[in-house]
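Please open the model in a viewer and follow the selections below in order. Each stop names what to select and then describes what is found there.

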Amino acid sequence: MIQIDQLSKKYKDAVHFSVSNLDLKIGEGEIFGLLGPNGAGKTTLISMLCGLLKPSSGNFSIHNLNFSSNKNELQHLIGIVPQEYALYPNLTAYENLYYFGSMYGLKGNSLKESIRSHLKILGLHEFAHKKVKAFSGGMKRRVNLIAGVLHQPKVLFLDEPTVGVDVQSKTVIIAFLRTLNKAGATIIYTSHHLNEAEQFCTTVGIIDHGKLVCMGTPQELIQKEEGITDLEGVFLSLTGKALRDHA
Amino acid sequence: MHKLLVSAHKELLLLTRDLGGLAVLFLMPLLLVITITIIQDNTFKIIQENKIPVLLVDMDKGDVSNQVKQSLKNSNLFEIVQEQEESIAQDLVQKGAYQLAIILPNDLTKDLNLKIRQNVTDILAKFGVEEENAPITDSPISQKEIRLYFDPAAQQTFKSSVRNNVDKMIAQIESQSIYQAFQEELGEDPSEPLFDTKSFISFKEIIPNEHKKETIPNSTQHNIPAWTLFAIFFIILPLSINMVNEKNQGTFVRLRTLPVKYATVLGGKALVFLTVSILQFVLMLLLGIYLFPLLGLPKLDVSGRIPLLMLVALFAGLAAVGLGLLLGTIAKSQEQSAPFGATFVVILAAIGGVWVPVFAMPPFMQTISKLSPMNWGLNAFYDVFLRNVGFKEIVPELSLLLLFFIATTVIAILYNERKNAV
């Protein structure tokens, strides 16, 4: 379970808080969709939960562990799939995965077998020994995803895992994530694809200006808003139609 | 250990797949050493074999000017080109057509002889030896001046060398003239030498020897250590760029979320780049031993020194890798790491004595020089290559290089921890 209490983050020289006094509870085995417009604080929140950013105030725990006292345990417990392709372009898919898997402490045949099976599930086994720089966006996304799950994390954070990929890749990725969830992994994912989130997530939290605006199952949120039939409608109704350009 | 080895393997793969980067790492240092050695060796040969043309304006036309010409010829350094007008000679030198013009003034021989005879007569008179003939003149004889015109672009070292040679030549001519004047005054035949005019005190350069065999340092013995060290330190560029690339690719962010220590990540890089620096050094040695003689350059003599040389290369490599790890940790972009790294290595080389010997630097810079790891490395290399010392003598330099590696790596780790604390 993930327990977040009064969590805030204000970047140096920033006027506003990116995340402000946020309280949140995510249950074990959930697929939690963290939704919000650009600059709402989604990536900042995920970065804090992954141990990449230090909160300005507040605290959180994942399975009753926190980074200040259980960093190593937590790093084994969680998996991260960042928004950018965090891969070495000059290494093959297999070499990238072998390296990242080894950094999780995996080794030997179990690591090799895990890489092979994941590549097969995500349709990349033919390209295992091709350099990543030659891959399409969808292929890179899938390798990026495998790199975050090789060690079978209990909690998986995904920052826009389907951005910029074709429908085929998106379908394979979502199906794979469902399999992981069925195997017991809690998934926290951010996305701008609201239809996808509506279908995929068991719980959705919409944040704006660093604050949690609403939370519930997609159906609960849709029913709460009068005259609205989908999650996109809920989203626009709660966050408005104003552009969120910022620099 | 497994994580360290896998990290090193990853670095090795990345390095070997970047052919351009590999070429820069191995070919550029070779090119640098070959170029510098050929230039320096040829400069030496030019001075020895291809004489420098010198303009000579002889307004004296006497014995002194003949002796000056003879001395210039005997020096084997200069080829005399006669010119009649001082102004033309000055103009030619100013335009850079000649490096040097020597102007011998009017009546140089006549006035020198007069002055010497005057002095000799005075001295003999003080000893009670009266001259048969009356002194030629009692009136004061004005000092004579040999004028030297240098090309404004001529190097200071060339100027000082010429000035010293001319000075020595004049002193010899003067002393010979004095001896001759004494002979004449004593009524001896000046054509039969009465005095031995050769220098009584001479000098001999004693060169360090090993097993009773003298090893004469040559341009290769000087250049290989200096420029190899320069090349080894240039490893901070690809190393820091490699680290900055990880930040740009996002792999560094992923690494921060993995249960792996930053020291392990750095360790993998250090192992590979240290191996590269050792390979660079081995290549340089092979170059000096096998290729240089084919290019007409002096052969590198490494007999009996290889273990110590490898040790110095290893520790110099460690210092360079430490610096690269620190730079790569701090730099946020290639725009920061590449220019800073390149400039910093050049500065370290300059203050380390790679270009100008430390003893020739101002006292303040000599103190600063002692802080440059390149100076420690260069001293250790020279100790082994040219001074034929043993392991004990290079321990201080090796210790400093090791401490530098430890200090830079620890700072890199602490900086990263502080910067990325959660």
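In which sense do strand β1 and strand β2 of chain B pair, and over how many bridges? The model is a predicted one, and this is the opening stop. Select residues 52–58 and 78–83 of chain B: strands β1 and β2 pair there in the parallel sense, over six bridges. To find the register, display Val57(B), which stands opposite Glu83(B) in β2(B).

Keep β1(B) selected and add residues 100–104 of chain B, which form strand β3. The pairing of β1(B) with β3(B) is also in the parallel sense, with four bridges. Here the pair to display is Leu55(B) and Ala101(B), the latter in β3(B), which stand opposite each other.

Next, add helix α3 of chain B, residues 63–74. Together with β1(B) and β2(B), α3(B) makes a β-α-β unit that is right-handed.

Now select helix α5 of chain B, residues 108–126, and view it against α3(B). The two axes come within 6 Å and cross at roughly 110°. Angles of 65 to 115 degrees count as roughly perpendicular, so α3(B) is roughly perpendicular to α5(B). Show the residues where the helices meet: Asp63(B), Val64(B) and Ser65(B) from α3(B), and Leu108(B), Thr109(B) and Leu112(B) from α5(B). By class, this contact has three nonpolar, two polar and one charged residues.

Zoom out to the whole of chain B and colour it by domain. The domain assignment gives domain 1 as 2–43 + 213–419 and domain 2 as 52–185. The centres of these two domains, taken over C-alpha atoms, are separated by 52 Å.

Turn then to the contact between the chains. Which numbers of residues do chain B and chain A give to the contact? Chain B gives 20 residues and chain A gives 28 residues. On the side of chain B, select α1 (2–16) and α9 (251–257), the elements that give two or more residues. Of the elements, α1(B) gives the most, with six residues. By class, this side of chain B has nine nonpolar, five polar and six charged residues.

The final stop is in chain A. Select the open sheet of three strands, whose order is β2-β1-β4 with antiparallel pairing. The edge strands, each pairing on one side only, are β2 (19–26) and β4 (57–62). From one strand to the next the twist averages 15°. Strand β1 of chain A, residues 2–9, pairs with β4(A) in the antiparallel sense over five bridges. Display Ser8(A) to see the residue that stands opposite Ser57(A) in β4(A).

Technical notes
Residues numbered from 1 in each chain as written. Chains lettered and ligands numbered in written order. Predicted model: local features only at pLDDT ≥ 70, side-chain atom pairs only at ≥ 80, totals over all residues. Axes fitted to C-alpha atoms, helices over the stretch in contact; angles between N-to-C directions. Parallel < 35°, antiparallel > 145°, perpendicular 65-115°, else oblique. Contact = placed C-beta atoms within 7 Å. Nonpolar A, V, L, I, M, F, W, Y, C, P; charged D, E, K, R; others polar. Domains from an automatic or database assignment. Pairing = 2+ DSSP bridges. Right-handed = clockwise from strand over helix to strand, strands pointing away.
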